[in-house]
Amino acid sequence: MTRTRLLLYIVFAAILVTLPLLGNNYVLRLATTASMYAVLTMAWNVVGGFAGYPLFGIAAFFGLGAYSSAIAQSSGYPITVAWLIAVVTGTTFAVFLGHILLRLRGHSFAIATLVIAEVLRELTNGWTTLTGGGMGLNLLAFPWSPTALAIFFFYAMFGLAVATFAITCVVARNRIGFALNCIRQNEDAANIVGIDTTRYKIVAFTLSGSFASAAGAIYASWTGYIEPTDVYDVLFSVKPIIMALLGGMGTVVGPVVGAIAFLALDEFVWRNFLLLHTGVLGFLIVVLILFLPSGLTSLRFDRLWHGAASS
Amino acid sequence: MIFFQYFVNGLILGGLYACIAAGFSLVWGVLSIINLLHGSLIVAGFYIAYFSYTLLGIHPFLSVVTSAVPLGGLSYIVQYGIINRVVAGSVLVTLILTFGLELMANNAMLISFSADYKKIILTHPLGVIHFGTLFIPLDRAASTLIAFFLILSLWLILRLTSMGRAIVAIRFDRQAALLMGIDVDKTYATTFALGGALAGAAGSLLSVSFPVAPLSGPLFLSKAFVICVLGGVGSISGAAIGGLAFGLLESFGAVLFGSEYALTLAFVVLIALLLARPHGLLGVKGF
């Protein structure tokens, strides 16, 4: 990492940290959503970008985290303990699932992970005594002002995003990152040269699961009401992929850039074409896949800059 | 015996499911893409049948043709113009692309047809026949028979026509097929069109049995996933047998576990099969 880059990150983070000073709850809500999207995208990126496995199951961990934290909170645990419980649940589930699913590759892996969220949603729907079923779960509201709540959840989600980013950086610059890179390029060859591919894949999958379940836990407390169709929505599995594609898969910064760019687009589309929202989203996906397959970070803005300077 | 009733119900359901899955399986097998648009094409087929019946009085079984042809054509254009550009890409790219197309199609249908569930209620239903305590709803049984006729036609097309042989050849070895002078792009588009036509036909057939809304696509799609893996990806006979097996699974599963867990049961079976028998229950490869 070059020094200018590090400086850029710090300035960017500093701007975000001072964001509550603006006193605008709409901006705070956007920033919280952006942080959440960034966490989900980085979570996806560890498996989907670094290891190149087509993961379609972020929603499963997100929803599991949301429900674990909501259930813990409604049985009287304080909020931080509830979040911890959610992360532990998500991580345990990821370890368990990783042992089973990571034997699959390609299409089979994609479909199996896609289906996990559906199974969890149906189970959540059915287990009414614990989860409230289709009625959803209401969480007790904090006796705080809306502004204080907005600031609290912004810092929670932003903190999670920073932590996730730091962990991803460490992973990318370490043995694990190298191993995952090898797996993406040629898993059989990686196996032959002595990389314990199964172990590294499970580590990646577990990291992904814990990031996503932490985001889900905070999301549940933030919105105060969750229901199965909301938190297990397939869009929570697909949006991270789109954001990663938008920003550049398999890079460390890509997911963050992608999340912010995507949110900007999403918000623009919501405001202007409410009824066509999903259709426009679909159109964006198609355009992105056909014309910008390596993401925004592959565009050479610096070249543009130099070109302008010389003329 | 109530057992036989469930068995017959399962088989009748299974025929429709086979039809839903056959085109999906063909596309997955030959193009090696998971076509998430398939569910939307089924729903579009339903709406063609629905409006043909309510506005023009055309029986849904006749709409099989009028929904298969335009949806097949549309599929050809979508494959030739859009998907072919990235068809050799990774699983991720093709899956996300068809997801984007699905979002567009669903949004368009949601705006045009509203979010309500609709179902065709025939003014002259064929009724029910009784064999002792066993009874068979004739409209559903007829749609199942037509479904099997369609699957058989697809199988014959793949066996007997030169276009069909080209499709099979590409499935076995794309490079060799290319070297033998087969136009891979056009054959891909034709395969996708066959899949789309079958989806449209399936949509018309199930209009007499199921209520459908613009966002029902994913439900049909998830069933197609399971059937495909049950029967073996890319195999037409596998899709037929997988469809029947899935119909039985759903019929008996609803009795044993309650119908709210039908989908969960199906998905658990799916994951178990992916892990234990990735080539399908029958282990059929090819056609």
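Start by selecting Phe96(A) in this predicted model. Is Phe96(A) buried or partly exposed? Phe96(A) is partly exposed, because its relative accessible area is 49%, and the cut-off for exposed is over 50%.

Now add Phe93(A) to your selection. Phe93(A) has a relative accessible area of 18%, so this residue is buried; the limit for buried is under 20%. Both residues sit in helix α4 (residues 79–101) of chain A, and because they are three residues apart there, about one helical turn separates them.

Show the rings of these two side chains. Phe93(A) and Phe96(A) make a tilted aromatic pair, with 6.4 Å from centre to centre and 40° between the planes.

Next, widen the view. Which aromatic cluster do Phe93(A) and Phe96(A) belong to? Select Tyr53(A), Phe61(A), Phe109(A) and Phe205(A) along with them, and you have the whole cluster on screen.

Time for another kind of ring pair. Over all chains, the structure holds 31 aromatic pairs. Pick Tyr9(A) and Phe165(A): their ring centres are 5.6 Å apart and their planes meet at 85°, so this pair is edge-to-face. Colour the two helices involved and you will see that the pair links distant parts of the chain. Tyr9(A) belongs to helix α1 (residues 3–17) and Phe165(A) to helix α7 (residues 146–172), with their positions 156 residues apart in the sequence.

Your next stop is Leu123(A), found in helix α5 (residues 106–126) of chain A. Leu123(A) is partly exposed, with a relative accessible area of 38%. Which residues of chain B does Leu123(A) touch? Select Tyr261(B) and Thr264(B) to see these contacts. Then draw a line from the C-alpha of Leu123(A) to that of Tyr53(A), a member of the cluster you visited earlier: the two are 26 Å apart in space and 70 residues apart in sequence.

Finally, zoom out to all of chain A and switch to a cartoon view. You can look for 15 helices and two strands. The radius of gyration is 20 Å, close to the 19 Å that the globule rule gives for 311 residues, so chain A is as compact as a globular protein of that length. Turn the chain around and its C-alpha trace spans about 60 × 50 × 40 Å along the principal axes.

Try a surface view too. Chain A exposes about 14100 Å², and carbon and sulfur atoms supply 69% of that area. Of its 311 residues, 52% count as buried. To end the tour, colour the charges: chain A carries 15 positive and 11 negative side chains, and the centres of these two sets are 13 Å apart.

Note on methods
Residues numbered from 1 in each chain as written. Chains lettered and ligands numbered in written order. Predicted model: local features only at pLDDT ≥ 70, side-chain atom pairs only at ≥ 80, totals over all residues. Heavy atoms only, no water. Helix = DSSP H or I, 4+ residues; strand = E, 2+ residues; numbered from the N terminus. Rg over C-alpha atoms; globule rule 2.2 N^0.38 Å. Buried < 20%, exposed > 50% of the residue type's maximum accessible area, 1.4 Å probe, protein only. Areas by Shrake-Rupley, 256 points an atom, 1.4 Å probe, with all protein chains shown as cover. Lys, Arg positive; Asp, Glu negative; His and termini not counted. Charge placed at Lys NZ, Arg CZ, Asp CG, Glu CD. Contact = heavy atoms within 4.5 Å. Phe/Tyr/Trp six-rings, centres within 6.5 Å; stacked < 30°, edge-to-face > 60°. Lists of a residue's contacts leave out its neighbours within four places in sequence.
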